[in-house]
Structures are given as structure tokens and as C-alpha cells.
Amino acid sequence: MIRFESVEYIYPNGIKALDKIDLEINDGEIVAIMGENGAGKTTLIKHLNGLLKPTKGKVLIDGIDTRKVTVASLSKKVGIVFQNPDDMFFSENVWEEVAFALRNFGYDEATVKRRVENAVNFMDLVNYINKSPFTLSGGEKKRLALAIVLAWSPDIIALDEPTIGQDLLQKEKLLQVIKLLNSQGKTIIVSSHDVEFIADLKPRIILMKRGRIIADGDAEEIFLNEELLRSCNLLPPQLITLSKELKFIGVKPKLYSPRELATEIMAKLQR
Amino acid sequence: MKIIEVKDLGFKYAGTDFYAIKEVNFEIDEGEFVILAGKSGCGKTTLLRCLNGLIPHFYEGEFDGKVLIDGVDTRDCPPYILSQKAGMVFQNPDNQLFALSVEADIAFPLENLGLPREEIRDRVEWALRLLRIEELRNRSPFELSAGQKQKVAIASVLAMKPKILLLDEPTSSLDPVSAKNLIDVIIELNRRHGLTILISEHRLTHLIPHANKLAIMDKGKIIYFGEPRKILREDVLMYGVSIPRVVEVAREMEKINGCLPFKEIPLSVDEFLNNLRGALR
């Protein structure tokens, strides 16, 4: 379980990036953190594995206070996939990049080999194992960053803006990966302002603005509140907007998939 | 009037063994608004680089066919002349901005052209006004938000007074409201100032109601090029193109009903509602 208790974080330049954050995330939940650029989403994620320690208050991961342990020890429980994967690569090739953290955790070579194989297979990177990470395309780099984290299989996986620069097929793959990992009991935390992607994922949504949590609820409840979204520089998913305009034929405003909404409209029209 | 003509274009980067784009043919008229879509790595960025002369003048490789910009063959024209015909805005504005103030950033390329002081001052004012960022003139580009930075990048390109604006995924790192603001500005540049727009994007929802043409690329080739409404009736999802959700709803209704219950595919919520009201009458 993840617990934030009155967490405040002030960067060395004096900017308060987190302000009185109280938050509980249970094991096995999928949570989206949404908000405009600069709302504090990345700062919050960096608190999950102790990369940043609260200026005030505390963060507890399975009861462990992040201020009292090293990032290395927390990393076994919490894996973070950062927005810009270039920041985390340094190895000669994809295989070594995935193996690096596993060796650091002290796994024997046989286990390292098995886990690297599984991770590169899972993320469709088999053809790239001998290539330098820096020669991969943007989408491939994002897949590699996720493969690295999957290799050591932490209980909590946080993804920071995973859909930026991704095309539709990559987003669909990412959606499947998130759902699959969640079905294995992993806790997933995704920061994003991609409302259509989050509408497909239908997670619990935490809305942030200027370092504070201003709303916490299920996806439908948050997305139906247009005023709240706009105050965070977000727009509702297109089908929420459409379903609200369809009251005149008796359609209820909801978070529909395209097929669900089409079925609903056709049923109302045939009546 | 044709402003972009691409004939049998192909390009292979030096040191690679495959063509990043090949057999590309299309024409764009002055004042058109064209969206370039397709999977990551399909060749969109390479194609845009061919249109402002970065290819073949800056990137080395094998160049086939030809590109005419405003009647001029890009191979015969140095990039600094081409940049006054076709300006390019990149995905990440940080790669384009470097000066101490917004004003200085916009003025820099004009100084390089050796324009007179008054002309530079007029053009900087004009570009600031066009993007409605006059109040940012003395700020450092690096303290601006991502959306503001992208507007500064566009202003510095427009100050060269190009007829064509090329944009490579300009909204990808912006939050939805900032992205929509930027798209509104681009639409206005097209509608009110007659600029020809060619923009590559993954998120089509806000752009597509304003586009004359949609181009879809796959593996270096152009698969579709034409009227968006026609192309969105084809199976384009396999090319990684996120079509607007209202289009998906209309196509699902078509499947349930056996035929499209509307007179045309709606591209926006408003068009959907108008079509629906029409069908109920």
C-alpha cells in the first residue's frame, strides 16, 4: 500500500511542487494522475521510490518510510518508467540495458538471462537486443524503458506520461500491457494528460493542480465534470461531450466506448 | 496555384540500408490545410525535412525524384532561401529556442538574413501580434510553459514570412487545453492569413474538421492522400491513426444499421448532432 501523509515538497529553487498531499493507493489499483503541465505529477511519482524525499510529511510504501531507506532498496518494490527514456539509458546494447538492474539486485546469471528474455519478448524487442538503446526510435525507447522495469517485476509500477509521441497502435499495446500487469496483481500509477487514453483505461483518477490534489474519483465521475477538468487545462473525452448533447433523444451522459454509444443511439432511434 | 509539388521522391539516409521514404507523389495548392498522419517511424519527419531543404542540404544520403517549393527545385536552392518559403516548427520547441529573450529569439534569423533594423523590428512586432504573445517579449524562452514556447517557435518561423508552415507533431507534449489553443492559432493562420499548412499529428480530433486534405503514410509511402471524409471511411486504424471518436461512433452505427444513417461521416461533435437532427426530421 502507498500512503502520503500531509506531504509537502519544495525544490531547492524555492518552488513548492507538492502541497499537503494526503493519498492512499491500495494494492492492485490502477490510478491515473492527471493535471496540466507543471501541476506536480512527476514530482509526486518521484516520491514513490524515494528519488525525492518529502520536505514535510511522509511517504510510506508498504509501511516503510521512504526517508529511512535507500532508493536502491525501494526500487525492488517500485519501478518508475520516466517520460524521457534517454535519461535512463547508458548501456552498450538493449540486452545489457535490461540486464543491468537485475545484476545490481544480485540475481544469478541464469535468472538474469531468463528475466531479460521474458521482458524483451513481452515488449517486442527481440530483434533489437544487440542494438544501442540510443539508435532506437522514440516508441522503441519507451518500450525498452518499460521492459527494464518489467524485468525485475516490482509490485508497484509508475509510468510518467507514457503516451507522449506514441501512435495509436503503441497506445493500444500499452493499454493491454497495463491491464495484463494489473491482472497479475500489480499496482499501476500512470501520469497523463491524454484524456482519450485514460478514458479507455477507466481508472481511478486523481486530479492535481498547483501541487495539490483537487479531486479523487472514478473516471466517469471526473470526466463528466467539465468545469473541474477545464480548471486543470484538461478537456473532456469527445464521447462524454457528445453523450451530454444527446439528452434530446434520451441518451444518458456516461463514459461510453464508441460501440456502446453507437448501440445506445441506434436503440433510441429505433424506438 | 500549386505551391508544393513532390515527384517520385525517395530518400535513404547515409549509413542506412533502406529508403526512409520512397515513391512519394503529391501536390498541394496555396492556402490548403493538410494533415500528415501515420505510425511513428513511417517517414513523416523525413518527408517534412525534404520540403524545407534540410534534406538534401543538411542530411546526407541518396535523394531520388524532386521537390518543387513555390516553383523552385529544393536541390538548387540553399536552405536560408527555402526557409523564407517554407518554415518548419519541430516537436520539441527547446531545440529551436536559445536566445535570452523571446524578442531576440524571433529577431535572430532575420539578423542573419542581413535585413535593415526597421524591417526586423516590424517583423518581430508582426509575429508577436499574430501569435498574441506580445506580453512575452522580454521573457526568457526557458521560463515559459511548453505551449508558450511552441508559440514563440512558430513566431520566429513566421517572421521569415514564409508562404508555407510545416509543423512536426507540435502539440505532442502539451496538455489538452494548450494543444487546442495552439491548433486554434494554426487554423487562424491558415484562414485569415492564407498560409499553407502541412502538419504531422497523431491526435486528429481538433484538426480534422479544418483540413482540406489528409495524407496517411506507412513504411515510407503515401497510402492515402485526399479528402479527409472519404479517407476516414476506409480502414485507417491499422496505420496507427487515431481517428476522432465521433467518427468511430458513426462507423459503429453503420455496422449495426447496415448502412450509414447519416448523409456523411461527421468529423466533430457539432457535425454529428447536425447529421442526427437531419436524420430525425
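This tour proceeds through a predicted model, from chain A as a whole to the contact between the chains and then to the strands of chain B.

**Stop 1: chain A as a whole**

Begin by displaying chain A alone, coloured by secondary structure; eleven helices and ten strands should appear. The radius of gyration of chain A is 20 Å, close to the 18 Å given by the globule rule for 271 residues, so chain A is as compact as a globular protein of that length. Aligned to the principal axes, the C-alpha atoms of chain A fill a box of roughly 65 × 45 × 30 Å. If the 271 residues of chain A are coloured by burial, 45% count as buried. A contact map of chain A is also informative: among contacts with a separation of 6 or more, 62% are between residues 24 or more positions apart.

**Stop 2: the two domains of chain A**

Next, select residues 2-228 of chain A as domain 1 and residues 237-271 as domain 2, following the domain assignment. Their centres, taken over C-alpha atoms, are separated by 34 Å. Contact between these domains involves eight residues of domain 1 and five residues of domain 2. On the domain 1 side, helix H7 (195-201) and helix H8 (219-224) of chain A each supply at least two residues. Helix H8(A) provides the largest share, four residues. Colouring this side of domain 1 by residue class shows five nonpolar, no polar and three charged residues.

**Stop 3: helix H3 of chain A**

Remain in chain A and select helix H3, residues 94-104; its buried residues are A:Val94, A:Glu97, A:Val98, A:Ala99, A:Ala101 and A:Leu102. An α-helix has 3.6 residues a turn, so residues three or four places apart point the same way. Adding helix H4 (109-122) and helix H5 (138-152) of chain A to the selection shows what the buried residues of H3(A) pack against. Then move on to A:Gly106, which follows H3(A) and has a positive phi, near 90°.

**Stop 4: where chain B meets chain A**

Bring chain B into view and select the contact between the chains, in which 31 residues of chain B meet 32 residues of chain A. On the chain B side, helix H7 (176-193), helix H9 (245-257) and helix H10 (269-280) each supply at least two residues. Which helix should be highlighted for the largest share of the side of chain B that touches chain A? That share, eight residues, comes from H9(B). By class, the chain B side comprises 13 nonpolar, eleven polar and seven charged residues.

**Stop 5: the open sheet of chain B**

Hide chain A and select strands S1, S2, S4 and S5 of chain B, which form an open sheet in the order S2-S1-S4-S5 with antiparallel pairing. Strand S2 (21-29) and strand S5 (72-73) stand at the edges, each with a single partner strand, so one side of each is left without a neighbour in the sheet. Within the sheet, strand S1 (residues 2-13) is joined to strand S4 (residues 61-69) by eight antiparallel bridges. To locate this pairing, label B:Glu5, which stands opposite B:Leu68 in S4(B). Now add helix H1 (residues 44-51) of chain B, which packs on the sheet and touches S1, S2 and S4 of chain B. The direction of H1(B) makes about 125° with that of S1(B).

**Stop 6: strand S3 of chain B and its partners**

Select strand S3, residues 33-37 of chain B. Why is this strand largely enclosed by the rest of the structure? Five of its five residues are buried, so S3(B) is largely enclosed. In a regular strand the side chains alternate between the two faces of the sheet. For S3(B), B:Phe33, B:Ile35 and B:Ala37 lie on one side and B:Val34 and B:Leu36 on the other, and all are buried.

Two partner strands can then be added. Strand S8 (residues 196-200) of chain B runs parallel to S3(B) and is joined to it by four bridges; here B:Phe33 has B:Ile197 as its bridge partner. Strand S9 (residues 213-218) of chain B also pairs with S3(B) in the parallel sense over four bridges, and B:Leu214 stands opposite B:Ile35.

**Stop 7: strand S6 of chain B**

Finish at strand S6, residues 86-89 of chain B, where both faces are covered: B:Ala86 and B:Met88 on one side and B:Gly87 and B:Val89 on the other are buried. Adding strand S7 (residues 164-168) of chain B reveals a parallel pairing with S6(B) over four bridges. In this pairing, B:Ala86 has B:Ile164 as its bridge partner.

Notes:
Residues are numbered from 1 along each chain as its sequence is written. Chains are lettered from A and ligands numbered from 1 in the order in which they are written. This is a predicted model: local features need pLDDT of at least 70, side-chain atom pairs count only at pLDDT 80 or more; totals for chains, interfaces and linings use all residues. Two residues are in contact if their C-beta atoms, placed from the backbone, lie within 7 Å. Ala, Val, Leu, Ile, Met, Phe, Trp, Tyr, Cys and Pro count as nonpolar, Asp, Glu, Lys and Arg as charged, and the others, Gly among them, as polar. Domain bounds come from an automatic or database domain assignment. A residue is buried if 20 or more other C-beta atoms lie within 10 Å of its own, exposed if 12 or fewer, and partly exposed in between; C-beta atoms are placed from the backbone. Two strands pair if DSSP finds at least two bridges between them. Axes are lines fitted to C-alpha atoms, for helices over the stretch in contact, and angles run from 0 to 180 degrees between N-to-C directions. The radius of gyration is taken over C-alpha atoms; the globule rule is 2.2 Å times the number of residues to the power 0.38.
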